[in-house]
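Good morning, colleagues. Please take a moment to look at the sequence and the structure before I begin.

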Amino acid sequence: MDDHDRLLAPFLAGDLDPAAAREWDQHLLECEQCWQAVREDRAGRQAAELLRQRVPAGLADRVAFAVELAAAGTTIPRQPGRGVRLRRGRLAAAGTLALALAATLVLLLLPDSRAGMPAPVAVVARYAQAMPPPARQTGLGTGEQAAPVEVGRPVTMTAAGHHIVVRTWRLGGTEVVVATSGQPFPMPPGAQGTSGGGMAWVARAGKVSLYCINGPTSELVAAPVPAAQLAALATRLPLA
Amino acid sequence: MDGDHRAFLDATLPYMEVVYQVARHAAGAGQDPEDLVQETYLRAFAAFGSYRGENTRAWLAAICLNAARSQARRRRRRPWEVPAHGLLDAVPARAEAAPDVADVVIAGLDARTVSQCLARLPEPQRLCIVLMDVAGYTAREAAAALGCPRGTVLARVHRGRRKLAQLLTEAGVSHGRP
């Protein structure tokens, strides 16, 4: 970079005092090299400005939702012994397909029994709390074998360092949440080990049952159905 | 914490537009810019208690760039790396007689070509251009985000713009001469 180039940047940024700027204006009329540099600077800036894009619809809702969940996940361990402070968080996670999520979510109260639940499990349980109750009995064992239909698009969330992708499936009259993580979902207090691939466990969180299969990837299935039905429901879902 | 996260969102969501611009260009191969934006906000929320509120835009940009680097390290890939073969395939070889760069017609530029040429700039120049020209940061904000003097940012963005214009000319984005 020569002296001219070194002075050109402050000139283009408007940093020069009026007298120095006038000298540069005059100089540009006489110096082809500097004039070329000015034109290239302008061309490069205008080209780069073409790269601006609008924020995708739904991203703000998604981020706000993730922050709400993070706030919930960090509150629980910070108040040991005091139980979980009752609160109600209304989340407009995404109300429309255009927003890439299925429905407006309402965070419900965490029952005291979930105090101490690991944050990655708690956020999935909290998310599943927003699922509507089964429209009717799922009909397991009665011959009903409706194919699972994915509801909305996947939601990504982070809790305690876990990167979690959550999908929602409709199976008959029941909506089931399937959370996938590259790290094992920790077993919460009160969970029971069960048969299944790898380290499997079942637990209850309020009205939601949880069924976890820890393998190369870890999957946590959650739905507002009795725990005994959940493992059977999971066999009908496209798990990894 | 309820109030905290609402205060945080009130303070930071208005800047999502600029954070998204930074994330789009900071995200490495295989990184989803929207995931990077979310990670940026989660990291910012975790640090919000100690944030003094000097310049929220610059603070968020710095977090976004750090998050992109962390994720790139986790993926064991060099940050900002773009597969060179793809870019070189997309950019025509330099013509015998290069057209005058001043003849570049900005209005007709293909954003994809611009993006490919931008990816060929050295990282410091590219970051300065992304922050100032794409995301709309001032030189002072970009300097705060990058942790370097404002004069350094001005020099880098100037050199980067010139190089970008020259690469575009080489790529055949020109007008007025064969």
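Which pattern does chain B follow when it is read along the sequence? The answer is α-α-α-α-α-α-α-α-α. I should state at the outset that this is a predicted model. In numbers, chain B holds nine helices and zero strands.

Let me add two general figures for the chain. Chain B has 178 residues, of which 46% are buried. If we take the contacts in chain B between residues at least 6 apart in sequence, 76% of them join residues at least 24 apart.

I now turn to two helix pairs within the chain, beginning with α2(B) and α3(B). The axes of α2(B) and α3(B) lie 8 Å apart, and the two helices pack at an angle of about 125°. An angle between 115 and 145 degrees falls outside the parallel, perpendicular and antiparallel classes, and α2(B) and α3(B) are therefore oblique to each other. Their crossing is right-handed. Which residues bring these helices together? On the α2(B) side they are B:M16, B:V19, B:Y20, B:A23, B:R24 and B:A26, and in α3(B) they meet B:P33, B:L36, B:V37 and B:T40. Sorted by class, this contact comprises eight nonpolar residues, one polar and one charged.

The second pair is α8(B), residues 139–146, with α9(B). Here the axes come within 8 Å and cross at roughly 105°. Since angles of 65 to 115 degrees count as roughly perpendicular, α8(B) and α9(B) are therefore roughly perpendicular to each other. From α8(B), the contact draws on B:A139, B:R140, B:A142, B:A143 and B:L146, while α9(B) contributes B:R150, B:V153 and B:L154. Six of the residues in this contact are nonpolar, none is polar and two are charged.

Finally, let us consider the interface with chain A. How many residues of chain B are in contact with chain A? There are 43, and they touch 38 residues of chain A. At least two residues of this side of chain B come from each of α1 (2–12), α2 (16–26), α3 (33–47), α6 (111–119), α7 (123–134) and α9 (150–170). The largest share, 10 residues, is supplied by α9(B). By class, the side of chain B that touches chain A has 26 nonpolar, seven polar and 10 charged residues.

To close, I would draw your attention back to α9(B): this helix packs against α8(B) and also supplies the largest share of the side that touches chain A. Thank you.

Terms used: Residues are numbered from 1 along each chain as its sequence is written. Chains are lettered from A and ligands numbered from 1 in the order in which they are written. This is a predicted model: local features need pLDDT of at least 70, side-chain atom pairs count only at pLDDT 80 or more; totals for chains, interfaces and linings use all residues. Two residues are in contact if their C-beta atoms, placed from the backbone, lie within 7 Å. Helices (H or I, at least four residues) and strands (E, at least two) are DSSP runs, numbered from the N terminus. Ala, Val, Leu, Ile, Met, Phe, Trp, Tyr, Cys and Pro count as nonpolar, Asp, Glu, Lys and Arg as charged, and the others, Gly among them, as polar. Axes are lines fitted to C-alpha atoms, for helices over the stretch in contact, and angles run from 0 to 180 degrees between N-to-C directions. Angles under 35 degrees count as roughly parallel, over 145 as roughly antiparallel, 65 to 115 as roughly perpendicular and the rest as oblique. A crossing is left-handed if the near helix is turned anticlockwise from the far one by less than a right angle, and right-handed if clockwise. A residue is buried if 20 or more other C-beta atoms lie within 10 Å of its own, exposed if 12 or fewer, and partly exposed in between; C-beta atoms are placed from the backbone.
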